[in-house]
Amino acid sequence: MNFELKGIHYEISEKTKVQFEKKIARLQAAEDNVSELSVSIERQNDLYILKANMIFRWGNPCFIQAEDHELFNAIDRLQEKIKTKLVREKEKIQDK
């Protein structure tokens, strides 16, 4: 899986990179089913907006967004949303 992390109006620190890598490592299904995952962190005033673009191995693109006033809470929310989307997509594929 190709993983890209970029910041918009936000300088990505090493601590943020490590936190993302830990969260993504917990998603074992992501390694098997996702070919690309691109995450952008945007800061608007005191709000962090995280946007993730995933492309599944079977070609379906997916967009997920999470926002919070605390960066690490937003990372947790995004990770949960990605996990939910992975489960749904995997169920769709198994049904076919």
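## A tour that starts at a turn

Select N45: with a relative accessible area of 73%, N45 is exposed (over 50% relative accessible area counts as exposed, under 20% as buried and in between as partly exposed, using a 1.4 Å probe and protein chains only). Before moving on, please note that this is a predicted model, in which local features need pLDDT of at least 70 and side-chain atom pairs count only at pLDDT 80 or more, while totals for chains, interfaces and linings use all residues. Residues are numbered from 1 along each chain as its sequence is written, and side-chain values use heavy atoms, with hydrogens and water left out.

**Around the first turn**

Stay on N45, which lies in the loop between β2 and β3. (Strands are DSSP runs of E with at least two residues, helices are runs of H or I with at least four, and both are numbered from the N terminus.) This hairpin has 2 residues between the strands, and N45 takes a positive phi near 55°. For a second such backbone, pick H9, which is not a glycine but has a positive phi of about 60°. H9 sits in the loop between β1 and α1 and is exposed, with a relative accessible area of 66%.

**Across the sheet**

Now show the strands. Here 4 strands form an open sheet with mixed pairing, in the order β1-β2-β3-β4; two strands pair if DSSP finds at least two bridges between them. β1 (2-8) and β4 (61-68) each have a single partner strand, so these edge strands are left with one side lacking a neighbour in the sheet. From one strand to the next, the twist averages 15°.

Walk across the pairs in turn:

- Select β1 and β2 (residues 34-44): they run parallel over 7 bridges, and E4 has S38 in β2 as its bridge partner.
- Go on to β2 and β3, which pair in the antiparallel sense over 10 bridges; E36 is bridged to I55 in β3.
- Finish with β3 and β4, antiparallel over 8 bridges, where I49 stands opposite E67 in β4.

Then find G59, which has a positive phi of about 100° in the turn of the β3-β4 hairpin, with 4 residues between the strands.

**Inside the sheet**

Which residues does S40 touch, leaving aside its neighbours within four places in sequence? Select S40 in strand β2 and look for K6, I8, I49, L50 and K51 (contact means heavy atoms within 4.5 Å). S40 counts as buried, at 9% relative accessibility. Next, colour β3: 7 of its 10 residues are buried, which leaves this strand mostly covered.

**The helix side and a cavity**

Bring in α3 (71-95). This helix packs on the sheet, touching β2, β3 (47-56) and β4, and its direction makes about 150° with that of β4. (Axes are lines fitted to C-alpha atoms, for helices over the stretch in contact, and angles run from 0 to 180 degrees between N-to-C directions.)

How many cavities of 30 Å³ or more does the structure hold? The search of the whole structure finds 1. A cavity is a set of points, on a 1 Å grid over the protein atoms alone, where a 1.4 Å probe fits but cannot get out, and lining residues have an atom within 4 Å of a point. Its volume, the space filled by probe spheres set on the points, which are joined across faces, edges and corners, is about 30 Å³.

For the last stop, select F20, K23, I24, I75, L78, Q79 and I82, which line the largest cavity. α1 (14-25) and α3 each give two or more residues to this lining, and α3 supplies the largest share, 4 residues.

Definitions and conventions. 1 Å grid on protein atoms, 1.4 Å probe; cavity = no way out; pocket = protein on both sides within 12 Å on 5 of 7 lines; lining within 4 Å.
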